[in-house]
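Work through these exercises with the structure open beside you. Try each task before you read its solution.

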Amino acid sequence: MGKKKSVVLLTLLTIVIVALCAMIAVPSFELPFLWNGAVSNWNPVVKTYDLDANLGGGYYTYYYPEGVISEVEYQKEYESRSEDKQEEYANSYTPYKGLYLSTDSDDGVVEETENGYVVTDSFKESFEAAKKEISSRYEKRGDSSFRVSVVDDYALRIELPVSDTAAGTAFTYFSYTGEFTLYDGTTTVLEASKDESPKDYIKGFSPKKNGDSTYIQVKLTDEGRKLIKDVTTSLSASSSEDDGSSSGGTLSFKVGDESIIQLSVTEAIDEKTLYIGGTDTYTDETASVVAILLNSALNAGDLGLGFEVEETRTFGPAYGSNALTLLYIALAIVLVASIIWPFIKYKGFGGACAYSTLSYLIVTAICFAFISSGVFEVTLGTVAIFLFGLLLTNLFNARVYGAIKSEFDTGKTVDSSVKAGYKKTLAGMIDVYAVLVLASVALLIGAAGLHTLALQALICFVTGAFCNLLWTRFINCMLVSSSKDKYKYFGFVREDDDDE
């Protein structure tokens, strides 16, 4: 590439990179003009990130099994009763750590022995099964910082990050642990029995988006298709208006006593796949919650234990209110150091390294903001993965420079040294990045709890590979082409230059 073309292209690339860096990190401010008649604000890409609970705080609530209440609720209820009723109420519960357990045998929480009340084995088993299934529901959402923890042995504390727009829905829906059934308004038309299971009729549920509308997709087996056809045929003819038209009915998909989704029926449905929802019915997040709950109930059945959900509360960042600001400052220092140090160490080649560092920042920052369609949170793990990718990019650039210098020291020209240096380091870079990318893909596919971190790692390693294998080399070629003194560009000195 000619010198003039290299200078022009580098100038254009520099303008683009500076503009993109500004788009990513320039602080928020009010724009000096109106957009669509309203005052607009500029927000950088980093302001769009969802933060995990440790960095941004979150929401939490408690699940109490039926027959189990908190000490606060017990005291409140006890004090609200008249004195002659307080003793009766006190006898209906027995204290257990920070909880109170019902002594009513119908609740099946405790049984009386010579040494007092003890928790029954059946309640322990039911609570353990319910805890495992509820944890699985939250895990399948993909939140990187959710927490389901046991409190005083027989209550659950659930935490979700503040970025979760469907936290309230998840708290409520995921507490339902009853049996999956279909109800046509008068009778239950599908429920588990000794001879059949709802899974014989329904394959599963999943959220689906079509334009601005989000639906719950219900996939049916052949038997399920026939059942839905029979039920909807009956519902569509169940009532008539005065003019003879059919008003139909509603088919409810229930978990326990709760109706989760409802299908309005005005005519017979003969399809293997149903789409329930529409505009303003579900968001992407709430549709995901509903689908996860229904799949859980479909596969796990009745867990034999119901839960009461407390009101939703908020908590602040675990690392303090200034943690995010300090984190951004630390990252800025690292990035500046990554740009300045190569200039000191590698002279002109440091320019190629600087372009590489800024390009890595731009691509990863934009991908973190826009590449994922689900819950995608920034955590300290995200920062560690980003810095590891940045370190790897700079280490490979240093290795390339070292290889070029070694070739130059053997007496080769600068151009030949550059070609040989890249050739010698190419295989090693490909091997390392191939291993890291494949490991990230494996985690993405097989480790549900690490889905977000695996996707972030994949973004960083693919970006790093692009920068090291292609981009830095391309920039270096242009910088070398536009350089007046190639020796000075690399900081090379050849003692026998005067003799040549």
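Where is the place of W341? W341 sits in helix α9. The model is a predicted one. Keep that in mind throughout.

**Exercise 1. Check the length of helix α9, residues 323–346.**

Step 1. Count the residues: helix α9 has 24.
Step 2. Work out the span. The rule is 1.5 Å times one less than the number of residues. For α9 the result is 34 Å.
Step 3. Compare with the model. The end C-alpha atoms of α9 are 34 Å apart, so the model agrees with the expected span.
Step 4. Look just past the helix. K347 follows α9, and its phi is positive, near 55°.

**Exercise 2. Find which residues of α9 are buried, and what they pack against.**

Step 1. Use the cut-off: buried means under 20% relative accessible area.
Step 2. List the residues that pass. In α9 they are A323, L327, L331, L335, S338, P342 and Y346.
Step 3. Recall the helix rule. An α-helix has 3.6 residues a turn, so residues three or four places apart point the same way.
Step 4. Find the partners. The buried residues of α9 pack against α2 (53–56), α10 (349–370), α11 (380–409) and α14 (486–490).
Step 5. Turn to the surface. V336, I340, W341 and I344 make a nonpolar patch of about 410 Å² there.

**Exercise 3. Describe the surroundings of S356.**

Step 1. Locate the residue: S356 is in helix α10.
Step 2. Judge its exposure. The relative accessible area of S356 is 0%, so S356 is buried.
Step 3. List its contacts. Beyond neighbours within four places in sequence, S356 touches T393, N397, C467, W471 and T472.
Step 4. Pick out the polar contact. The side chains of S356 and T472 make one, at 3.0 Å.

**Exercise 4. Examine the phi angles of D152 and D153.**

Step 1. Place both residues. D152 lies in the loop between β10 (147–151) and β11 (155–161). D153 is in the loop between β10 and β11 too.
Step 2. Read the angles. Phi of D152 is positive, near 50°, and D152 is not a glycine. D153 is not a glycine either, and its phi is positive at about 75°.
Step 3. Classify the exposure. D152 has 27% relative accessibility, so D152 is partly exposed. D153 has 30%, so D153 is partly exposed.

**Exercise 5. Compare three of the 16 salt bridges.**

Step 1. Start with the principle. Side chains of opposite charge can pair when their charged atoms come close.
Step 2. Take R141 and D164. Their closest N and O atoms are 2.5 Å apart. R141 is in helix α5 (residues 121–141), while D164 is in the loop between β11 and α6 (167–173), so the pair links distant parts of the chain, 23 residues apart. Both R141 and D164 are buried.
Step 3. Take D230 and K226. Their N to O distance is 3.2 Å. These two are four residues apart in helix α7 (residues 222–236), so about one helical turn separates them. D230 is partly exposed at 41%, whereas K226 is exposed at 53%.
Step 4. Take D270 and K229. Their closest N and O atoms are 3.9 Å apart. D270 is in the loop between β17 (258–265) and β18 (273–278), and K229 is in helix α7, 41 residues away. D270 is partly exposed at 34%. K229 is partly exposed at 37%.
Step 5. Finish with a network. Salt bridges with shared partners join R147, R157 and E159.

How values were computed. Residues numbered from 1 in each chain as written. Predicted model: local features only at pLDDT ≥ 70, side-chain atom pairs only at ≥ 80, totals over all residues. Heavy atoms only, no water. Buried < 20%, exposed > 50% of the residue type's maximum accessible area, 1.4 Å probe, protein only. Contact = heavy atoms within 4.5 Å. Patch = residues over 30% accessible without salt bridge, like charges linked within 9 Å, V, L, I, M, F, W, Y side chains within 5 Å. Areas by Shrake-Rupley, 256 points an atom, 1.4 Å probe, with all protein chains shown as cover. Salt bridge = Lys/Arg side-chain N within 4 Å of Asp/Glu carboxyl O. Polar contact = N/O pair within 3.5 Å; in protein donor to acceptor, adjacent residues only side chain to side chain.
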